[in-house]
Number of protein chains: 2
Amino acid sequence: MSTSTSPKDRAAPLRADAQRNYDLLVAAADAEFTAHGADVPLEDIARRAEVGIGTLYRHFPTRDDLLAKVLTDGTAIILERGRELLSGSSPGEDLIQWIRELADYTATYRGLTAALANSYVSETGTRLCTSCDAISALGSELLARAQAAGEIRRDAQVVEIILSAHSAAWIGEQTKDPGAVRRLLAILFDGLRVVTPKPVSKPRSKRVKVRR
Amino acid sequence: MSTSTSPKDRAAPLRADAQRNYDLLVAAADAEFTAHGADVPLEDIARRAEVGIGTLYRHFPTRDDLLAKVLTDGTAIILERGRELLSGSSPGEDLIQWIRELADYTATYRGLTAALANSYVSETGTRLCTSCDAISALGSELLARAQAAGEIRRDAQVVEIILSAHSAAWIGEQTKDPGAVRRLLAILFDGLRVVTPKPVSKPRSKRVKVRR
DNA sequence: ACCTGAACACCGTTCAAGT
DNA sequence: ACCTGAACACCGTTCAAGT
């Protein structure tokens, strides 16, 4: 919540009133997203911030930019947690724990999962997407480590892992039943723990080259 | 595609022109949904059917009604398949196969998953929801049978099962990667196959009733 | 340099007028 | 009984005019 950094996170010196409006917008956005979900009319946010709608667009050209800003703290935390878990003692469970926390993060606002998933595969590199990239990078590391330790199935890829967390959160949004999320994740995790034996590399079996 | 039944599926005698418009609307809706996804402007559908927008609303008060109508055939098929599988030889795999087909069904139109999932938990009993009820009923049967056979974990519930299919389809929509869907389902299914041993019902262990 | 809000575009939904 | 499309509401986005 200590978010009075400037738009580009550089020390781009904003005029005093602009900085003030910027901060008001971020606070208003957080409040509105929390209260009415990630699809709340942008106009409502501007109104709450007591700012013209044009000002909102000036600072945040797209809704995703606003979402990304408001999620900054959460994103930092989930990334930090990932790094911590990366040096945990049980690679498989470390990955799993991270996914659990990722699902929570994804549920920050109602309707957020759709926005996140969209940006996750959108062509245009939005801000939200940038966070996603960092998150999948970390996911890759955690996954690779767990797979190397032979604790997680080798045919799993980051996309599914990450989007699984998303979809669990999505299911939570739809059903409003935290139990469903918990149970689904439990199934998923058990599935992830299933390790197919390494294809018995037949010691130099005479592979005959066949014609045609 | 043989869909010239009347709105309420009764022989409610529609006036000839009304029936014609109705059929045109269904055909147009199918075409538009296929081409532009489940969110296509209703106006586009009316235009393609060469019918006033009011006529569309008269026949289909909500977008869900239109979706439900256009999905009738698919819904019937998935239900029928479920019944077939119900008398399959391998309860666990029968359930799993059904989920696979359910995921396909859910992907009929781009953007359909969201609509389906929404209606799945919506309060107001829309048409779409009605289909969903039938589907979960069948899912319950398949699941119960598989669990009774000891082939599927006992803590799984229908909601997750169904919504898992939905979310797999959803992931397909997002990533446009059929491989991701396949891999996710594989993980999920392995998770479903994990059967925790029945809590060893200690043969009449002397359960002492404790005070307080 | 930044803010404002009117103006425009777009889509959903209703309803008075028509046949 | 049914159809039509103008009319209204709503939200996103832009931009000319203002400070």
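Helix 3 of chain B gives the most to the surface near DNA strand D, with 5 residues. Here a helix is a DSSP run of H or I with at least four residues, a strand is a run of E with at least two, and both are numbered from the N terminus. This is a predicted model, in which local features need pLDDT of at least 70 and side-chain atom pairs count only at pLDDT 80 or more, while totals for chains, interfaces and linings use all residues. Residues are numbered from 1 along each chain as its sequence is written, chains are lettered from A and ligands numbered from 1 in the order in which they are written, and side-chain values use heavy atoms, with hydrogens and water left out.

**Around DNA strand D**

- Which residues are closest to DNA strand D? Leu42(A), Tyr57(A), Asn21(B), Gly52(B) and Thr55(B) are the closest of the 17 residues that surround this strand; a residue counts as near when one of its heavy atoms lies within 4 Å.
- Of the atoms of DNA strand D that come within 4 Å of the protein, sugar and phosphate account for 70%.
- Several polar contacts (pairs of N or O atoms within 3.5 Å; within protein, one must be able to donate a hydrogen and the other to accept it, and residues adjacent in sequence count only if both atoms are side-chain atoms) can be picked out here.
- A polar side-chain atom of Thr55(B) sits 2.8 Å from a phosphate oxygen of DNA strand D.
- From chain A, a polar backbone atom of Leu42(A) is 3.0 Å from a phosphate oxygen of this strand, and a side-chain N or O atom of Arg63(A) is 3.2 Å from a phosphate oxygen of the strand.
- Two or more residues of this surface come from each of these elements: helix 2 (42-48) and helix 3 of chain A, and helix 1 (16-36) and helix 3 of chain B.
- Sorted by class, the surface near DNA strand D has 8 nonpolar, 5 polar and 4 charged residues. Nonpolar covers Ala, Val, Leu, Ile, Met, Phe, Trp, Tyr, Cys and Pro, charged covers Asp, Glu, Lys and Arg, and polar covers the others, Gly among them.

**Around DNA strand C**

- DNA strand C is surrounded by 16 residues, and the closest are Arg15(A), Asn21(A), Gly52(A), Thr55(A) and Tyr57(B).
- Sugar or phosphate makes up 70% of the atoms of DNA strand C within 4 Å of the protein, and the rest belong to bases.
- Where do the phosphate oxygens of DNA strand C meet the backbone of Gly52(A)? A backbone N or O atom of Gly52(A) lies 2.8 Å from one phosphate oxygen.
- Chain B takes part too: a polar side-chain atom of Tyr57(B) is 2.7 Å from a phosphate oxygen of DNA strand C, and a polar backbone atom of Leu42(B) is 3.0 Å from a phosphate oxygen of the strand.
- Helix 3 of chain A supplies the largest share of this surface, 5 residues.
- The surface near DNA strand C divides into 8 nonpolar, 5 polar and 3 charged residues.

**Inside the protein**

- How many cavities of 30 Å³ or more does the structure hold? There are 3, and the largest has about 70 Å³ of space.
- A cavity is a set of points, on a 1 Å grid over the protein atoms alone, where a 1.4 Å probe fits but cannot get out; its lining residues have an atom within 4 Å of a point. Grid points are joined across faces, edges and corners, and the volume is the space filled by probe spheres set on the points.
- Residues from both chains line the largest cavity, including Ser164(A), Leu188(A), Ser164(B) and Leu188(B).
- Its lining has 7 nonpolar, 4 polar and no charged residues.

**Helices and loops**

- Chain A has 9 helices and 0 strands, and 48% of its 212 residues are buried. Buried means under 20% relative accessible area, exposed over 50%, and partly exposed in between (1.4 Å probe, protein chains only).
- Helix 5 of chain B has 12 of its 16 residues buried, among them Trp98(B) and Tyr105(B).
- Glu50(A), in the loop between helix 2 and helix 3 of chain A, has a positive phi of about 55 degrees although it is not a glycine. Glu50(A) counts as exposed because its relative accessible area is 73%.

Notes. On a 1 Å grid over the protein atoms alone, a cavity is a set of points where a 1.4 Å probe fits but cannot get out, and a pocket is an open set with protein on both sides within 12 Å along at least five of seven lines; lining residues have an atom within 4 Å of a point.
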